[in-house]
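Student: I have a structure open in front of me and would like to read it step by step. Could you take me through it with questions and answers?

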Amino acid sequence: MEKKQMDRNILNGLKALLIFSISSITSVSINYLGVGKESIIMVFLLGVLFSTVLTSSYLWGIVSSIASLMLVNFLFTEPRFTFVISNSNDIILLVFFLITAGVSGKITSRLQRQIELTEKNERTTLILYKIASGFLPISGTRSIVSRGISFVKEYTGLDCSVELLGETVGNNRSDDELQCCSFDIISNTGKLGNVKVYGFKKSEDSQSEIIIQSIAMQMGIALEREQLYTEREKIKVAMEREQLRATLLRSVSHDLRSPLTALSGAGDLLYENYYNLSDEERRHLAGDISEEITWLTNLVENILNMTRINDSQLLLKKEEEVIDDVISEAVNHIKRFMRDRVLTVKLPEEVISVPMDGKLIVQVIVNLLENAVRHTPPEAEISLEANVSNGYLEVTVSDTGEGIDKSIQNRLFEKFVTLDTGITDSKRGIGLGLAICKAIISAHMGDIRVEPNTPKGSRFVFRLPLEG
């Protein structure tokens, strides 16, 4: 640092000497042309001003003014080539020259310093703006810290490290601890950490200190914003989970009441009037009880599957399954619910085996058939068809009901989508059947869709890849 200052002083001295030489040569030249010493003094005055401006130092302006005064006295006042002044007017003229040169140099020096300070402040303001805007699009604690370290390096040329919550990020140079300067990272919640800048002393460069403090402050704001966002997301997830739990409990309690009431009534009637009932009546009551129990079993199975899906624990046990066997098991499961409805099953002529979790795919088909039964009138037609197309097994469940209500058409495969009238996921259920179907089919790398069944009703189609 001292060497740089010495080099700068030598350079400024050479500048002042060059300007003084030019002023002297110019004055001697115009003196031969008959120009008076008043004009010559103005030449030296300009030299003083140029010395002050080009050297950026008021000191060199003073030196230049004194040297100019002596030269004017030596060359251009009577008696010449001596430092004696015989004319009182010359004394007054030289005194005014010295005063004018000093005042002008001082004003010029201050003006130049103000200009330099303004330019420096402008550069600093631009850097601070870039720093503030640079943190806006950044998210993630590590990204914020990395951006702060890169800003310190870019705008100050210094290495730094960030200590945050006991973790140090960046170039931690323990060998430079004596030259390390620490800046706190502060938010509204308190101190979050600190920025350690190596090779920097606070007394050396106020601009760099302002920049580093601004970076630390912006890091604190960005980190606090990240914490608030994380906490908000946690609260949002907790609220959604609580809402899901409340909805599930409300729906389960509501939908369990009907089958339990039916089971209780049929059981009491069978128990109290067993010998007064005919065999046909007892068989009918037993069938109702079996049907309600099967429905409750399907309800519990759907709830368990949705719980596994929400907890990301839906594990597939894929095996090569013959689609005829899977559809046959699903039809046997749903047969007692068909009542007077006509179910048509169409299977491929050849034997088709597909890698799948057979139990879950049976659950999908049962859910789709139950959905069709609940939303079609007695004696309606329901069809179940399987075929192979473009490397996929395609299973279609069609009904002749009223079709899909437009209010839920775009939300049909979401959770708890129900409607009291029209085709929905569940009129009696809790609105999980189609959501579970979508989750299971997606886990098999397949897809499911719904479309109109011309001329009346709806068609649910899901596809599974023939190869795992």
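Student: Which residues in H9 meet Val326, Ile327, Glu329, Ala330, His333 and Ile334 in H8?

Tutor: Before we begin, note that this is a predicted model, in which local features need pLDDT of at least 70 and side-chain atom pairs count only at pLDDT 80 or more, while totals for chains, interfaces and linings use all residues. Residues are numbered from 1 along each chain as its sequence is written, and side-chain values use heavy atoms, with hydrogens and water left out. Helices (H or I, at least four residues) and strands (E, at least two) are DSSP runs numbered from the N terminus, and contact means heavy atoms within 4.5 Å. On that basis, the residues of H9 that meet those of H8 are Gly358, Ile361, Val362, Ile365, Val366, Leu369 and Glu370.

Student: Why is H8 described as oblique to H9?

Tutor: Axes are lines fitted to C-alpha atoms, for helices over the stretch in contact, and angles run from 0 to 180 degrees between N-to-C directions. Angles under 35 degrees count as roughly parallel, over 145 as roughly antiparallel, 65 to 115 as roughly perpendicular and the rest as oblique. The axes of H8 and H9 are 9 Å apart and the two helices pack at an angle of about 45 degrees, so H8 is oblique to H9.

Student: Which helix gives the most residues to the largest nonpolar core?

Tutor: A nonpolar core is a set of buried Ala, Val, Leu, Ile, Met, Phe, Trp, Tyr and Cys residues joined through side-chain atoms within 4.5 Å, where buried means under 20% relative accessible area, exposed over 50% and partly exposed in between (1.4 Å probe, protein chains only). The largest such core has 46 residues, and Ile361 and Phe462 are among those with the most contacts inside it. Elements that give two or more residues to it include helix H8 (323–334), helix H9 (358–374) and strand E11 (458–465). The most, 10 residues, come from H9.

Student: In what order do the 5 strands of the open sheet lie?

Tutor: Two strands pair if DSSP finds at least two bridges between them. Strand E6 (342–346) and strand E10 (447–452) are the edge strands, each pairing on one side only, whereas E8 and E9 run antiparallel and are joined by 8 bridges. The pairing in the sheet is mixed, and the order is E6-E8-E9-E11-E10.

Student: Which residue in E9 is the bridge partner of Val388?

Tutor: Val388 takes part in a bridge whose other residue is in E9. That partner is Leu393.

Student: What is the omega of the peptide bond from Thr454 to Pro455?

Tutor: Most residues other than glycine have a negative phi, and most peptide bonds are trans. Pro455 has its place in the loop between E10 and E11. The bond that leads to Pro455 from Thr454 is cis, with omega near 5 degrees.

Student: Is Glu379 buried or exposed?

Tutor: Glu379 lies in the loop between H9 and E8, and although it is not a glycine, Glu379 has a positive phi of about 70 degrees. Its relative accessible area is 63%, so Glu379 is exposed.
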